[in-house]
Amino acid sequence: MSAILATRVGQRFGNRWVLRQCSFTVPAGRVVGLVGPNGAGKTTLLRVLAGLLRPTEGAVRLSGRDPAGAEGLATVAFLAQSKPLYPRFTVDDAVRFCRELNPRFDEPFTRDRLDRLEIPAAQRIGRLSGGQRAQVALTLALAKRADVILLDEPMADLDPLGRSDVMRDLMAVAAERGLTVVLSSHVLADLEDSCDHLVMVHRGRIQLAGDVDDLRAAHLAVDGLREHAAALARHDVVAEGGAGRQATALLRLNGRFVDPRWATRAPSLEEIVLAYLRNPDAATLPGPELVSS
Ligand SMILES: Nc1ncnc2c1ncn2[C@@H]1O[C@H](COP(=O)(O)OP(=O)(O)OP(=O)(O)O)[C@@H](O)[C@H]1O
């Protein structure tokens, strides 16, 4: 069973569609990078997945359950971009508050992680640094012991060391519990080492979705001379660049690419994402029909 199944999800605010025909599936245990330009619809999609918004059309299922239904609530944890924690609460108040609200709440894990991070239990949330607040919010979200955890730009307030620590912790917890993690981020470097699945949103539609290994295998970065560009024609050119006679391109392959005049290499996740960001009209891969079946 998929950890996440979105089928033709559409979200309208007033008369404006913010999400349209969004279909994708995520197997359990994946760490998913959710990317897309500002205003693409990432937060809205996360809120639909979290059960905070009922989609105007289509449906989502998390571990087979409706996240907006009573059964679905324990399935998913959502850490919003604003990291909502009551500033007048102490860290200890926040822990006890979450323990009362969540039947599966893992208090020993919470205390242990906060101790390791040297975050004092008696400190008021409002007096913590932005990074410490982010760490407390992340700890409380993980402690919910949900199947799926959704994190909206969790690294935004963290310094480089904090980011690397959070990613390492997150990966360790995810692997240990078989947790499915979705994290939205504009920092592609954060995603490169940690994500094994990608969902890319553009203007409310899914532009690219799939396992990173499959996406990398489906694309090829090529370097060569512009006069040999005819060899690329069989494939879809997602983005092209270079200067003068020299040409570079990112291809989405239709079959094998064999041409000794072009140097080829597997693209990084960052190269693929940047190429699609630059070329928003590049066709989706795989198509929504394929993933929703
Ligand atoms: N409650 C709402 N009512 C009306 N419009 C909304 C609402 N929430 C979001 N939108 C609009 O939906 C669009 C997508 O917003 P969203 O926050 O989902 O994008 P995003 O990809 O997360 O952006 P960013 O990367 O800047 O955080 C925006 O144009 C936004 O103004």
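A residue counts as buried here if 20 or more other C-beta atoms lie within 10 Å of its own, as exposed if there are 12 or fewer, and as partly exposed in between, with C-beta atoms placed from the backbone. By that yardstick Asp152 is buried, since 22 other C-beta atoms lie within 10 Å. Keep in mind that this is a predicted model, where local features need pLDDT of at least 70, side-chain atom pairs count only at pLDDT 80 or more, and totals for chains, interfaces and linings use all residues. Residue numbers start from 1 along each chain as its sequence is written.

**The chain as a whole**

The protein chain has 9 helices and 13 strands; these are DSSP runs numbered from the N terminus, with helices being H or I of at least four residues and strands being E of at least two. Along the principal axes, the C-alpha atoms fill a box of roughly 70 × 40 × 35 Å. The radius of gyration is 21 Å, which agrees with the value near 19 Å for a compact globule of 293 residues. That radius is taken over C-alpha atoms, and the globule rule is 2.2 Å times the number of residues to the power 0.38. Of the 293 residues, 39% count as buried.

Contacts (two residues whose C-beta atoms, placed from the backbone, lie within 7 Å) often link distant parts of the sequence: among those with a separation of 6 or more, 68% are between residues 24 or more positions apart.

**Two domains**

The chain splits into domain 1 (4-213) and domain 2 (218-282), with bounds that come from an automatic or database domain assignment. Their centres, taken over C-alpha atoms, are separated by 34 Å. Domain 1 puts 11 residues into the contact and domain 2 puts in 7. On the domain 1 side, helix 6 (188-192), strand 8 (197-202) and strand 9 (205-211) each supply at least two residues. That side has 8 nonpolar, 2 polar and 1 charged residues. For these classes, Ala, Val, Leu, Ile, Met, Phe, Trp, Tyr, Cys and Pro count as nonpolar, Asp, Glu, Lys and Arg as charged, and the others, Gly among them, as polar.

**Strand 6 and Asp152**

Back to Asp152, which lies in strand 6. This strand is largely enclosed by the rest of the structure, because 5 of its 5 residues are buried. Both faces are covered, with Val148, Leu150 and Asp152 on one side and Ile149 and Leu151 on the other. Leaving aside neighbours within four places in sequence, Asp152 is in contact with Thr43, Leu46, Leu79, Ala80, Gln81 and Ser184. Arg124, on the other hand, is 28 residues from Asp152 in sequence and 23 Å away in space, C-alpha to C-alpha.

Strand 6 has partners in strand 5 and strand 7, listed below along with a pair from elsewhere in the chain. Two strands pair if DSSP finds at least two bridges between them.

| Strands | Sense | Bridges |
|---|---|---|
| Strand 5 and strand 6 | parallel | 4 bridges |
| Strand 6 and strand 7 (180-184) | parallel | 5 bridges |
| Strand 11 and strand 12 (246-252) | antiparallel | 5 bridges |

To pick out single bridges, Phe78 is partnered by Leu150 of strand 6, and Ile149 by Val181 of strand 7.

**Helix 4**

Helix 4 (residues 130-143) has 14 residues that should span 20 Å at 1.5 Å a residue, and its end C-alpha atoms are indeed 20 Å apart. The expected span is 1.5 Å times one less than the number of residues. Most of helix 4 is covered, with 11 of its 14 residues buried, including Gln132, Val136 and Leu140. The buried residues pack against strand 5 (76-79), helix 2 (91-101), helix 3 (107-116), strand 6 (148-152) and helix 5 (160-177). After helix 4 comes Arg145, with a positive phi near 55 degrees.

**The hairpin and Val237**

Strand 11 and strand 12 form a hairpin with 4 residues between them, and Gly242 in the turn has a positive phi of about 105 degrees. One bridge here has Asp236 partnered by Arg252 of strand 12.

Val237 lies in strand 11 (residues 236-241). Val237 is partly exposed, because 16 other C-beta atoms lie within 10 Å. Neighbours within four places in sequence aside, Val237 is in contact with Leu232, Ala249 and Leu251. Ala275 is 38 residues from Val237 in sequence and 9.6 Å from Val237 in space, C-alpha to C-alpha.
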